[in-house]
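Student: Please pick a single part of this structure and look at it closely. Start from one residue there, then work outwards to whatever surrounds it.

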Amino acid sequence: MNTEKIILGIDPGTTIMGFGLIKVVNKKMSFLQLNELELQKYNDPYIKLKLIFERTVELIDIWNPDEIAIEAPFFGKNVQSMLKLGRAQGVAMAAGLSREVPVTEYSPKKIKMAITGNGNASKEQVAAMLQSLLSLKSLPKNLDATDGLAAAVCHFYNSGKVEVGKSYTGWEAFVKQNPNKLNKQ
């Protein structure tokens with residue numbers, strides 16, 4: 001039986017959103033694309049969120065991914081940065097869910113561990129491993145794109161395992177799994 005799927009990986013951000021796509025055929029992955037959406041030229045944070053949503057929907061409409069893997073915001077000391085990242089992630093998730101594409105989120109540590117075997121690996125180490133794994137000819141100057149690709153590859157490696165990141169198949173599933181988050185105002 002020939003099984004085939006496309007995975008879109010996203011590294012959300014309000015300065016740069018990195019993304020990558022892989023194709024999986026019979027449990028073998030191959031590279032499709034990696035790129036980034038540059039947002040630093042926009043001052044309005046709501047315009048940035050709109051562009052993240054639109055670009056994610058556009059990627060879904062072009063590539064028709066079967067699943068989306070997204071990097072979860074890491075916990076840092078700067079609350080404002082975490083809030084911005086969380087919004088960017090939420091908008092990308094909403095874009096996927098609006099197209100009925102299942103979304104799974106992974107912590108940065110879990111992604112790095114899946115790619116390099118080291119949860120504390122640098123962006124450069126992750127990029128170098130992806131270049132080797134997927135036979136990439138070159139790497140982008142900004143490594144946000146490879147971070148998005150890493151989320152897709154992490155999802156591939158975790159497919160079929162019992163414990164993965166949080167996963168949602170649609171709005172209804174999200175609401176059922178997060179009742180307390182939605183009732184607080």
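Tutor: Glu 124 counts as exposed, because its relative accessibility of 53% is over the 50% cut-off. The model is a predicted one. Glu 124 has its place in helix H4, and that helix is the part followed here. The C-alpha atom of Glu 124 is separated by 7.5 Å from the C-alpha atom of Leu 143, although the two residues are 19 apart along the chain.

Lys 123 is the next residue to consider. Its side chain meets that of Asp 147 in a salt bridge, with 2.3 Å from N to O. The pair links distant parts of the chain: Lys 123 is in helix H4 (residues 123-133) and Asp 147 in helix H5 (residues 144-158), 24 residues apart. The two partners fall into separate accessibility classes. Asp 147 counts as buried, since its 9% relative accessibility is under 20%. Lys 123, at 36%, counts as partly exposed. The pair also belongs to a wider arrangement, as Lys 123, Asp 144 and Asp 147 are linked in a network of salt bridges.

The structure holds 7 salt bridges, and two others can be set beside this one. The side chains of Glu 4 and Lys 23 meet at 3.4 Å, N to O. That pair also links distant parts of the chain, with Glu 4 in strand E1 (residues 4-11) and Lys 23 in strand E2 (residues 16-25), 19 residues apart. Glu 4 is partly exposed at 49% relative accessibility, and Lys 23 is partly exposed at 25%. The salt bridge between Lys 50 and Glu 54 has an N to O distance of 2.8 Å. Both of its residues lie in helix H1 (residues 45-63), 4 residues apart, about one turn of the helix. Lys 50 has 46% relative accessibility and counts as partly exposed; Glu 54 is partly exposed as well, at 37%.

Back at helix H4, there is a pocket to describe. The second largest pocket has a volume of about 400 Å³. It is lined by 21 residues, and those closest to its centre are Asp 11, Glu 71, Phe 74, Lys 123 and Asp 147. Helices H2 (79-98), H3 (108-116), H4 and H5 are the elements that give two or more residues to this lining. By class, the lining has 10 nonpolar, 4 polar and 7 charged residues.

Helix H4 also takes part in the largest nonpolar core. That core has 22 residues, of which Ile 22, Leu 130 and Leu 134 touch the most other members. At least two residues of this core come from each of E2, strand E3 (28-38), H3, H4 and H5. The most comes from H5, with 8 residues. Ile 22 gives an example of the packing: leaving aside neighbours within four places in sequence, its contacts include Ile 6, Leu 32, Leu 134, Leu 149, Val 153 and Phe 156. Another core, of 21 residues, lies apart from this one, with Leu 8, Ile 52, Ala 88 and Val 101 among its members. In soluble globular proteins, nonpolar side chains tend to be buried together.

To sum up helix H4: Glu 124 is exposed, Lys 123 is in a salt-bridge network with Asp 144 and Asp 147, and the helix supplies at least two residues to the largest nonpolar core.

Technical notes
Residues are numbered from 1 along each chain as its sequence is written. This is a predicted model: local features need pLDDT of at least 70, side-chain atom pairs count only at pLDDT 80 or more; totals for chains, interfaces and linings use all residues. Side-chain values use heavy atoms; hydrogens and water are left out. A salt bridge is a side-chain nitrogen of Lys or Arg within 4 Å of a carboxyl oxygen of Asp or Glu. Buried means under 20% relative accessible area, exposed over 50%, partly exposed in between (1.4 Å probe, protein chains only). On a 1 Å grid over the protein atoms alone, a cavity is a set of points where a 1.4 Å probe fits but cannot get out, and a pocket is an open set with protein on both sides within 12 Å along at least five of seven lines; lining residues have an atom within 4 Å of a point. Grid points are joined across faces, edges and corners, and a volume is the space filled by probe spheres set on the points. Ala, Val, Leu, Ile, Met, Phe, Trp, Tyr, Cys and Pro count as nonpolar, Asp, Glu, Lys and Arg as charged, and the others, Gly among them, as polar. A nonpolar core is a set of buried Ala, Val, Leu, Ile, Met, Phe, Trp, Tyr and Cys residues joined through side-chain atoms within 4.5 Å. Contact means heavy atoms within 4.5 Å.
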